[in-house]
Amino acid sequence: MTTTPTRHTGLRLAAGVLTGILALYIALVALGNITDFGTNQQFVRHVLAMDTTFEDDDLMWRAVTSTGLQDTAYVLIIVWETVAALVLIWGTWLWARRDHDHDRARRWSTYGLLMLLLLFGAGFIAIGGEWFAMWQSKTWNGLDAATRVFLLSGVALIVNQLPGGERRDA
């Protein structure tokens, strides 16, 4: 029995490509943070210490100045990035397999994309940007980069969730 491609093949391709782009991106970010640990370690330390913000007394109680806690947060970020990369790589692989059930690809891609949305949205934009007032820093402000990844991840998640033309019983 032969099957003909559905008219939604382009949508599946788009979902796979977007998932693959984000898998590549976060894998490179994790690799960079592992192999060049000190660069973003300083970033995390300065954001958590709030030492380049306006240093308003009403906000400075939020600062985390313990380097042990700062480094623990950074290691947890790297672990999260690495797991997200692996999940997204798996999702990309599942999208690439033509003989595969695409519901499974969608599910794994969704897990990885939600991991990115949590990291960049809740972690970097909400907690880093607002709680630790990263927006006030001219030197250690990663909100633009976090917003770009958050938006791209959101678009990829929407594309992944669009109906993929599965057969419907009459």
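**Entry 1. Lining of the largest pocket**

I began with the character of the pocket wall: the lining of the largest pocket comprises 21 nonpolar residues, five polar and one charged. I note at the outset that the model is a predicted one.

I then looked up who stands at the middle. Of the 27 lining residues, V44, I77, L119, G123 and F124 are those nearest the centre of the largest pocket. I recorded which elements contribute two or more residues to this lining: α1 (9–35), α2 (37–49), α3 (67–96), α4 (102–131) and α5 (143–161). Which element gives the largest share of the lining? I found that α4 does, with eight residues. For the volume of the largest pocket I entered about 690 Å³.

**Entry 2. Packing of α2 and α3**

I turned next to the helix pairs. Two packed helices are described by the angle between their axes and the distance between the axes.

For α2 and α3 I noted an angle of about 120° and axes 9 Å apart. The band for roughly perpendicular ends at 115 degrees, and the two helices are therefore oblique to each other. I entered the crossing of α2 and α3 as right-handed.

On the α2 side I listed F37, N40, Q41, V44, R45, L48 and A49 as the contact residues; α3 supplies T67, Q70, D71, A73, Y74, V75, I77 and I78. By class, I counted nine nonpolar, four polar and two charged residues in the contact of α2 with α3. V44 of α2 and I77 of α3 take part in this contact, and I had already entered V44 and I77 among the residues nearest the pocket centre.

**Entry 3. Packing of α1 and α5**

How do the axes of α1 and α5 lie, and at what angle do they cross? I found that they come within 9 Å and cross at roughly 150°. Because angles over 145 degrees count as roughly antiparallel, I describe α1 as roughly antiparallel to α5. The crossing of α1 past α5 is left-handed.

From α1, the contact takes L11, A14, A15, L18, T19, I21, L22 and Y25; from α5, it takes V149, L152, S153, A156, V159 and N160. I noted 11 nonpolar residues, three polar and no charged ones in the contact of α1 with α5.

**Entry 4. Packing of α1 and α4**

Lastly I examined α1 against α4, whose axes come within 11 Å and cross at roughly 40°. That angle makes α1 oblique to α4. I recorded a left-handed crossing for α1 and α4.

The contact joins R12, T19, L22, Y25 and I26 of α1 to H102, S109, L113, L116 and F120 of α4. I divided the residues of this contact of α1 with α4 into six nonpolar, three polar and one charged. T19, L22 and Y25 of α1 serve in the contact with α4, and I had also listed T19, L22 and Y25 in the contact with α5.

Note on methods. Residues are numbered from 1 along each chain as its sequence is written. This is a predicted model: local features need pLDDT of at least 70, side-chain atom pairs count only at pLDDT 80 or more; totals for chains, interfaces and linings use all residues. Side-chain values use heavy atoms; hydrogens and water are left out. On a 1 Å grid over the protein atoms alone, a cavity is a set of points where a 1.4 Å probe fits but cannot get out, and a pocket is an open set with protein on both sides within 12 Å along at least five of seven lines; lining residues have an atom within 4 Å of a point. Grid points are joined across faces, edges and corners, and a volume is the space filled by probe spheres set on the points. Helices (H or I, at least four residues) and strands (E, at least two) are DSSP runs, numbered from the N terminus. Ala, Val, Leu, Ile, Met, Phe, Trp, Tyr, Cys and Pro count as nonpolar, Asp, Glu, Lys and Arg as charged, and the others, Gly among them, as polar. Axes are lines fitted to C-alpha atoms, for helices over the stretch in contact, and angles run from 0 to 180 degrees between N-to-C directions. Angles under 35 degrees count as roughly parallel, over 145 as roughly antiparallel, 65 to 115 as roughly perpendicular and the rest as oblique. A crossing is left-handed if the near helix is turned anticlockwise from the far one by less than a right angle, and right-handed if clockwise. Contact means heavy atoms within 4.5 Å.
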